[in-house]
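I'm opening a fresh page for a structure I haven't looked at before. The plan is to go from the overall fold to the inside, then out to the surface.

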Amino acid sequence: MDEKERKLVEDNHNLIYSFLKKHRLSIEEYYGVAAVGLCRAAEKYREGNTRFSTFAYLCMMSAVRQEMHRIMVSLL
């Protein structure tokens, strides 16, 4: 992660909490997963048609779904 991406994550760290609250997810359980999603968003984001916060929410949702899928598969 370069300096610009790191700054983007730092400046938008509060998105993790708003995302978790909006989707009624436990901060203790999903903070790390959402943080990974935010970092991925910063690495992949290209300015254009969408705001960073919108893109970050999509990346965090993807990370959470992947984690939930991983948990479900491990239970089978």
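**Entry 1: the overall fold**

How many helices and how many strands are there in the protein? I looked up the elements and got four helices and zero strands. Reading from the N terminus, I noted the order as α-α-α-α. A reminder to myself: this is a predicted model.

Next I looked up the dimensions. The C-alpha atoms fill a box of roughly 40 × 25 × 20 Å along the principal axes. The protein has 76 residues, and buried ones make up 33% of them. I also checked how far along the chain the contacts reach. Taking contacts between residues at least 6 apart in sequence, I found that 56% join residues at least 24 apart.

**Entry 2: the nonpolar core**

Which residues have the most contacts inside the largest nonpolar core? I wrote down Ile16, Phe19, Leu20, Leu38, Phe52, Ala56 and Met60, in a core of 21 residues. Three elements give two or more residues to this core: α2 (14–22), α3 (27–44) and α4 (52–75).

I then took two of the core residues one by one, skipping neighbours within four places in sequence. Ile16 is in contact with Tyr31, Ala34, Ala35, Leu38 and Met60. For Phe19 my list reads Leu25, Ala34, Tyr57, Met60, Met61 and Val64. Ala34 and Met60 turn up in the list for Ile16 and again in the list for Phe19.

Is Phe19 buried or exposed? Phe19 sits in helix α2, and its relative accessible area is 0%, so I put it down as buried. I also took a C-alpha to C-alpha distance from Phe19 to Tyr31: they are twelve residues apart in sequence and 9.7 Å apart in space.

**Entry 3: helix α4**

How many residues does α4 have? I counted 24, reaching 35 Å from the first C-alpha to the last, which is close to the 34 Å expected at 1.5 Å a residue.

Which residues of α4 are buried? My list is Phe52, Ser53, Ala56, Cys59, Met60, Met61, Ala63 and Val64. I wanted to know what covers them, and the cover includes α1 (3–11), α2 and α3.

Thr54 is also in α4, but at 38% relative accessibility it counts as partly exposed, because the buried class stops under 20%. I checked Thr54 against Leu15 as well: the two are 39 residues apart along the chain, and 9.8 Å separates their C-alpha atoms.

**Entry 4: salt bridges**

How many salt bridges does a search of the whole structure find? It finds three, and I went through them in turn.

- Arg6 and Glu3 meet through their side chains at 3.5 Å, N to O. Both are in helix α1, three residues apart, or about one turn. Arg6 is partly exposed at 36% relative accessibility, while Glu3 is exposed at 53%.
- Lys7 and Asp11 meet at 3.0 Å, N to O. They too lie in α1, four residues apart, again about one turn of the helix. Lys7 comes out partly exposed at 45%, and Asp11 is partly exposed at 48%.
- Glu67 and Arg70 meet at 2.6 Å, N to O. Arg70 is partly exposed, with 48% relative accessibility.

Why are Glu67 and Arg70 separated by about one helical turn? They are three residues apart in helix α4, so about one turn lies between them. The general rule I jotted beside this: an α-helix has 3.6 residues a turn, so residues three or four places apart point the same way.

**Entry 5: the surface**

The protein exposes about 5,500 Å², and carbon and sulfur atoms supply 55% of that.

Which residues form a nonpolar patch on the surface? I found Ile71, Met72 and Leu75, with about 310 Å² of accessible area together. Leu75 has its place in helix α4, and its relative accessible area is 64%, so I logged it as exposed.

Looking back over the page, α4 keeps coming up. It gives residues to the core, it holds the bridge between Glu67 and Arg70, and Leu75 of the surface patch is placed in it too.

Key. Residues numbered from 1 in each chain as written. Predicted model: local features only at pLDDT ≥ 70, side-chain atom pairs only at ≥ 80, totals over all residues. Heavy atoms only, no water. Core = buried A, V, L, I, M, F, W, Y, C linked by side-chain atoms within 4.5 Å. Buried < 20%, exposed > 50% of the residue type's maximum accessible area, 1.4 Å probe, protein only. Contact = heavy atoms within 4.5 Å. Patch = residues over 30% accessible without salt bridge, like charges linked within 9 Å, V, L, I, M, F, W, Y side chains within 5 Å. Areas by Shrake-Rupley, 256 points an atom, 1.4 Å probe, with all protein chains shown as cover. Salt bridge = Lys/Arg side-chain N within 4 Å of Asp/Glu carboxyl O. Expected span 1.5 Å × (residues − 1).
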